[in-house]
Amino acid sequence: MLPAVSASTTTAMTDVIRMVIPEVTLVGTACALFAMAATAAGRGATFMTMLAGIFLSAIFAAHFGPLESSLLGSDPASIYHLTIDPTGSASFIRWLSIATAGLLSLLVFRDVVERHAGEFYGCLAVVAAGVSLVGRAHDLVVLYLALEM
């Protein structure tokens, strides 16, 4: 029989999952781009998919912004038990990685080879998600997983 999970553990895990939704969106966009590359989609379609993924990720990042008081509860030291850093400085790294991916997508549109556009934009989305998670990692396991991206 499995032991019962406390409500505080369930809430903490839900909050951690909620904090990485923008990065999950970028990885999902990368999966879609890699699938588009396998079907020989054009440069314009992959570019628009990449911009849509970045825009959606930015919307989620704005919605699930920096630290909310519900994550800390009554004890400010409880932030040290989270695996993802919810503070403003980590949020700055997230916004920097999303903005850099968007800017780089716009700058290299004409330079991307037609047949490699899906792979290029897919790799760029994974790198942006990895950089964002490296900036938000609050323990070594998450840092290692983010560095592997």
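Buried means under 20% relative accessible area, exposed means over 50%, and partly exposed lies in between. The model worked on here is predicted.

**Exercise 1. Classify Y121 and F120, then describe how their rings meet.**

Step 1. Take Y121. Its relative accessible area is 0%, so Y121 is buried.

Step 2. Take F120. Its relative accessibility is 32%, so F120 counts as partly exposed.

Step 3. Look at the rings. F120 and Y121 form an aromatic pair with centres 5.3 Å apart. Their planes stand at 75 degrees. Planes over 60 degrees apart count as edge-to-face, and that is the label for F120 and Y121.

**Exercise 2. Find the ring pair that F47 and F109 make, and place it in the chain.**

Step 1. Count first. The structure holds three aromatic pairs.

Step 2. F47 and F109 form one that is tilted, at 4.5 Å centre to centre and 45 degrees between the planes.

Step 3. Place the partners. F47 sits in helix α3, and F109 sits in the loop between α5 and α6. The two are 62 residues apart, and the pair links distant parts of the chain.

Step 4. Check exposure. F47 has a relative accessible area of 10%, so F47 is buried. F109 has 25%, so F109 is partly exposed.

Step 5. Join the pairs. F47, F109, F120 and Y121 are linked by ring pairs into a cluster.

**Exercise 3. Sketch the overall fold.**

Step 1. Count the elements. The chain has seven helices and zero strands. Along the sequence the pattern reads α-α-α-α-α-α-α.

Step 2. Ask how much is buried. Of the 149 residues, 38% count as buried.

Step 3. Ask how far contacts reach. Take contacts between residues at least 6 apart in sequence: 75% of them join residues at least 24 apart.

Step 4. Look at the surface. The chain exposes about 8500 Å². Carbon and sulfur atoms supply 73% of that area.

**Exercise 4. Identify the largest nonpolar core and the elements that build it.**

Step 1. The largest nonpolar core has 20 residues. M50, I54 and Y121 have the most contacts inside it.

Step 2. Helices α2 (21-38), α3, α5 (88-107) and α6 (117-136) each give two or more residues to this core. Helix α6 gives the most, with seven residues.

Step 3. Follow I54. Neighbours within four places in sequence are left aside. I54 is then in contact with L26, I98, A101, G102 and S105.

Step 4. Look for a further core. Another one, of nine residues, lies apart from the largest. M19, V20, A137 and A146 are among its members.

**Exercise 5. Decide whether T29 is buried or exposed, and list what it touches.**

Step 1. T29 is in helix α2.

Step 2. Its relative accessibility is 9%, so T29 counts as buried.

Step 3. Beyond neighbours within four places in sequence, T29 contacts T49, M50 and G53.

**Exercise 6. Locate the salt bridge and judge its setting.**

Step 1. The count comes to one salt bridge. The side chains of R94 and E23 make it, at 3.1 Å from N to O. The cut-off is 4 Å.

Step 2. Recall the principle. Side chains of opposite charge can pair when their charged atoms come close.

Step 3. Place the partners. R94 is in helix α5 and E23 is in helix α2, 71 residues apart. The pair links distant parts of the chain.

Step 4. Check exposure. R94 has 0% relative accessibility and therefore counts as buried. E23 has 3%, so E23 counts as buried.

**Exercise 7. Trace the surroundings of T83.**

Step 1. T83 lies in the loop between α4 (69-72) and α5. Its relative accessible area is 26%, so T83 is partly exposed.

Step 2. Compare sequence with space. T83 and D139 are 56 residues apart in sequence, yet 5.6 Å apart from C-alpha to C-alpha.

Step 3. List the contacts. Leaving out neighbours within four places in sequence, T83 meets V16, R136, A137, H138, D139 and V142.

**Exercise 8. Find the residues of the nonpolar surface patch and classify L56.**

Step 1. F55, L56 and I59 make a nonpolar surface patch of about 290 Å².

Step 2. L56 belongs to helix α3 (residues 43-63).

Step 3. Its relative accessibility is 39%, so L56 counts as partly exposed.

Terms used
Residues are numbered from 1 along each chain as its sequence is written. This is a predicted model: local features need pLDDT of at least 70, side-chain atom pairs count only at pLDDT 80 or more; totals for chains, interfaces and linings use all residues. Side-chain values use heavy atoms; hydrogens and water are left out. Patches are made of residues with over 30% relative accessible area and no salt bridge: like charges are joined within 9 Å, nonpolar side chains (Val, Leu, Ile, Met, Phe, Trp, Tyr) within 5 Å. Accessible areas come from the Shrake-Rupley method with a 1.4 Å probe; for residues, only the protein chains shown count as cover. Helices (H or I, at least four residues) and strands (E, at least two) are DSSP runs, numbered from the N terminus. Buried means under 20% relative accessible area, exposed over 50%, partly exposed in between (1.4 Å probe, protein chains only). A nonpolar core is a set of buried Ala, Val, Leu, Ile, Met, Phe, Trp, Tyr and Cys residues joined through side-chain atoms within 4.5 Å. Contact means heavy atoms within 4.5 Å. Rings of Phe, Tyr and Trp (its six-membered ring) pair if their centres lie within 6.5 Å; planes under 30 degrees apart count as stacked, over 60 as edge-to-face and the rest as tilted.
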